Amino acid sequence: MKRLLHQIKMKYLGEQDNNIIALDGQRKYEKSGLTREQALKIRVMITKAFDEDKIYRNNDMGLDDLAEHIKHNRYKVSQVINTYFSKNFYSFLSEYRIKEAKRLLASNPNLSVKAIMYEVGFNSKNSFYTAFKKSTGISPNGYRNASFKHGMHMA
């Protein structure tokens with residue numbers, strides 16, 4: 001319950017507790033040296049990199065690439081993602097890729113699922129289908145069919 005309240009507070013208010021408690025009860029980032037101001041600045045830069053620059057489309061994107069793109073230390077970037085977005089880097093990356101895949105599936109009936117998979121940054125059909133189904137509960141083809149069947153964009 002504490003973790004859920006923390007996630008809600010982070011998402012909607014952008015507030016950070018002074019001591020972030022890890023799941024095991026340890027104070028995970030107590031000595032990192034990252035200030036609230038630095039964290040907020042990094043958070044804005046990460047959001048811009050994903051929303052505007054669409055760096056998630058790079059199929060070999062990693063934490064080091066993001067850190068280099070926004071010109072910040074990889075450990076601080078990781079800390080900001082874990083703290084302010086309440087997920088690890090790869091979950092964060094996958095979320096953006098699936099969101100874009102949903103948009104493309106619903107709006108581009110002529111693009112194959114495989115083409116969309118590569119467009120949004122996935123390298124393998126298996127990892128794409130697994131991530132997509134985990135996020136939406138249905139396959140990419142099922143999502144596409146449902147979005148056109150209902151005459152609306154589900155993304």
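This tour goes from the whole chain to a helix pair, then to a long-listed helix core and a single glutamine.

**Whole chain.** Start with everything shown as a cartoon; the model is predicted. The protein chain has eight helices and zero strands, and its pattern along the sequence reads α-α-α-α-α-α-α-α. Colour by accessibility next: of the 155 residues in the protein chain, 35% are buried. If you draw contacts between residues at least 6 apart in sequence, 59% of them join residues at least 24 apart.

**Helices α3 and α4.** Select residues 63–70 for α3 and residues 74–84 for α4. Two packed helices are described by the angle between their axes and the distance between the axes. Here the angle is about 105 degrees and the axes are 9 Å apart. The pair therefore counts as roughly perpendicular, because that class covers angles from 65 to 115 degrees. Now show side chains at the contact. From α3, pick L63, D64, L66, A67 and I70; from α4, pick R74, V77, S78 and I81, which they meet. By type, the residues of this contact are six nonpolar, one polar and two charged.

**Helix α5.** Move to residues 89–107, the 19 residues of α5. From the first C-alpha to the last, α5 reaches 28 Å, close to the 27 Å expected at 1.5 Å a residue. Just at its start, select N88 and Y90: a side-chain oxygen of N88 comes to within 3.0 Å of the backbone nitrogen of Y90.

Which residues in α5 are buried? Select F89, F92, L93, Y96, R97, I98, E100, A101, L104, L105 and A106. R97 and E100 are among these buried residues. To see what surrounds the buried residues of α5, add α2 (36–51), α3, α4, α6 (113–119), α7 (125–136) and α8 (140–149), against which they pack.

**Q38.** Finish in helix α2, where Q38 is found. Is Q38 buried or partly exposed? Its relative accessibility is 32%, so Q38 counts as partly exposed. Show the side chain of Q38 together with T35: the side chain reaches the backbone nitrogen of T35 at 2.9 Å. Then add G33 and K76, the residues Q38 contacts once its neighbours within four places in sequence are left aside. As a last selection, take the C-alpha atoms of Q38 and V80; these residues are 42 apart along the chain, and the atoms are separated by 9.3 Å.

Notes
Residues numbered from 1 in each chain as written. Predicted model: local features only at pLDDT ≥ 70, side-chain atom pairs only at ≥ 80, totals over all residues. Heavy atoms only, no water. Axes fitted to C-alpha atoms, helices over the stretch in contact; angles between N-to-C directions. Helix = DSSP H or I, 4+ residues; strand = E, 2+ residues; numbered from the N terminus. Parallel < 35°, antiparallel > 145°, perpendicular 65-115°, else oblique. Contact = heavy atoms within 4.5 Å. Nonpolar A, V, L, I, M, F, W, Y, C, P; charged D, E, K, R; others polar. Expected span 1.5 Å × (residues − 1). Buried < 20%, exposed > 50% of the residue type's maximum accessible area, 1.4 Å probe, protein only. Polar contact = N/O pair within 3.5 Å; in protein donor to acceptor, adjacent residues only side chain to side chain.
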